[in-house]
Amino acid sequence: MRRRSSLIVLVGEVPVFHQELLQTWANSKPDLGDKHSRHWFHVAGAETNSLDSKLLRPMKAVPVGGENLSLNAALAVLRAQLQNRQTVSTLSNIDRLKSALTAAQFPVFVFSGGSIETAGLVMLQDLIADLNKKGRASSLFLPADDDAWGSALTSLWMTGFPPRTGFINSLPSYDPVRWDVQRMLREKEADLHVWVSTREGETSPKGGKARLISLSRTDAPTAGAMITIAVGKAGIDHDGVAYSSRIGTFGFVQAMAPSHLPSVSSIIRQLADALPGKKEFAC
């Protein structure tokens, strides 16, 4: 995208930790295929927080939106107007965006799921599908949380389902209501809670009377936990593999400040080995 796209359309809010990536694109120019100067637009709704002014300034991103329109509604109006259909509402700078889309050989829409609801995501993908009927367009998803997205992808390839997935008779069962940890604790369905987090400052969900075992990156016992095991974080305390939105997949991360703290996987493996009827791990 950095080398081919001369038109980038930001949709909704972009997580703060991706701003360095956007800045890299802003400081570069396409040198493959479409070699025109790069232009930026920003489709926003009434609820969308403005991107940092320092970030937008070098990009000169042109705002696209409608008065009092939500992001979902703005995307619906945008799709309709790009198809030259009549709409009750209008969007600012729609003619400039149409001209830019006509001139661009490979426009890319950049979005994050954190600020777009399901209906808006469907509308955005349909809009891009419309553009691909006459040319070439694409989208780039920048997750609001690389670690959370990596966990979701891992669950998908291991079980075929995203979180929340449980296991019945050793088979995966996807049920986002049934396997809601906070609900299970609140309604006393669980009698043991294993909390795993390598982020400093995070605390386990409250509620219920389940005994708590905490695997945390901490120097002190976790409040309310029967057992606290200090663990390290991949890329800081030890080498590991983590999802990176910069490359769009998992990659090796080297420890920046190696420590004595064990990895989460090594602790879980030890716990599993101590249980009766243990089986070989898939990975």
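Asn 93 sits in the loop between helix 3 and helix 4 (94–103). Helices (H or I, at least four residues) and strands (E, at least two) are DSSP runs, numbered from the N terminus. Asn 93 has a positive phi of about 60 degrees, although it is not a glycine. Its relative accessibility is 28%, so Asn 93 counts as partly exposed. Here buried means under 20% relative accessible area, exposed means over 50%, and partly exposed lies in between (1.4 Å probe, protein chains only). The model is predicted: local features need pLDDT of at least 70, side-chain atom pairs count only at pLDDT 80 or more, and totals for chains, interfaces and linings use all residues. Residues are numbered from 1 along each chain as its sequence is written, and side-chain values use heavy atoms, with hydrogens and water left out.

Asn 68 also has a positive phi, of about 65 degrees, and is not a glycine. This residue lies in the loop between strand 3 and helix 3 (71–82). Asn 68 counts as exposed because its relative accessibility is 67%. A cis peptide bond runs from Pro 163 to Arg 164, with omega near 10 degrees. Arg 164 is placed in the loop between helix 6 (146–159) and strand 6 (165–168).

The chain holds 8 helices and 12 strands. Its C-alpha atoms fill a box of roughly 65 × 40 × 35 Å along the principal axes. Of the 283 residues, 37% are buried. The accessible surface comes to about 16900 Å², and 53% of it belongs to carbon and sulfur atoms. Accessible areas come from the Shrake-Rupley method with a 1.4 Å probe; for residues, only the protein chains shown count as cover. Contacts between residues at least 6 apart in sequence were also examined: 51% of them join residues at least 24 apart. Contact means heavy atoms within 4.5 Å.

One open sheet has 5 strands in the order 3-2-1-4-5, with parallel pairing. Strand 3 (62–64) and strand 5 (138–141) stand at the edges, each with a single partner strand, so one side of each has no neighbour in the sheet. The twist averages 25 degrees from one strand to the next. Two strands pair if DSSP finds at least two bridges between them. Strand 2 (residues 39–43) and strand 3 run parallel and are joined by 3 bridges. Within this pair, His 42 stands opposite Pro 63 in strand 3.

Two helices pack against this sheet. Helix 1 (residues 19–26) lies across strand 1 (7–11), strand 2, strand 4 (108–111) and strand 5. Helix 1 runs at about 145 degrees to strand 2. Helix 5 (residues 118–132) touches strand 1, strand 4 and strand 5. The direction of helix 5 makes about 170 degrees with that of strand 4. Axes are lines fitted to C-alpha atoms, for helices over the stretch in contact, and angles run from 0 to 180 degrees between N-to-C directions.

Another open sheet has 3 strands in the order 8-9-10, again with parallel pairing. Strand 8 and strand 10 (227–230) are the edge strands, and each pairs on one side only. Neighbouring strands of this sheet are turned by 10 degrees against each other on average, direction ignored. Strand 8 pairs with strand 9 (residues 211–216) in the parallel sense over 6 bridges. Ser 197 stands opposite Ser 216 in strand 9.

Side chains alternate along strand 8. His 193, Trp 195 and Ser 197 point to one face and are buried. Leu 192, Val 194 and Val 196 point to the other face and are not buried. With Ile 268, these three form a nonpolar surface patch with about 300 Å² of accessible area together. Patches are made of residues with over 30% relative accessible area and no salt bridge; like charges are joined within 9 Å, and nonpolar side chains (Val, Leu, Ile, Met, Phe, Trp, Tyr) within 5 Å. A salt bridge is a side-chain nitrogen of Lys or Arg within 4 Å of a carboxyl oxygen of Asp or Glu. Strand 8 (residues 192–197) gives the largest share of the patch, 3 residues. Ile 268 lies in helix 8 (residues 264–274). Ile 268 counts as partly exposed because its relative accessibility is 37%.
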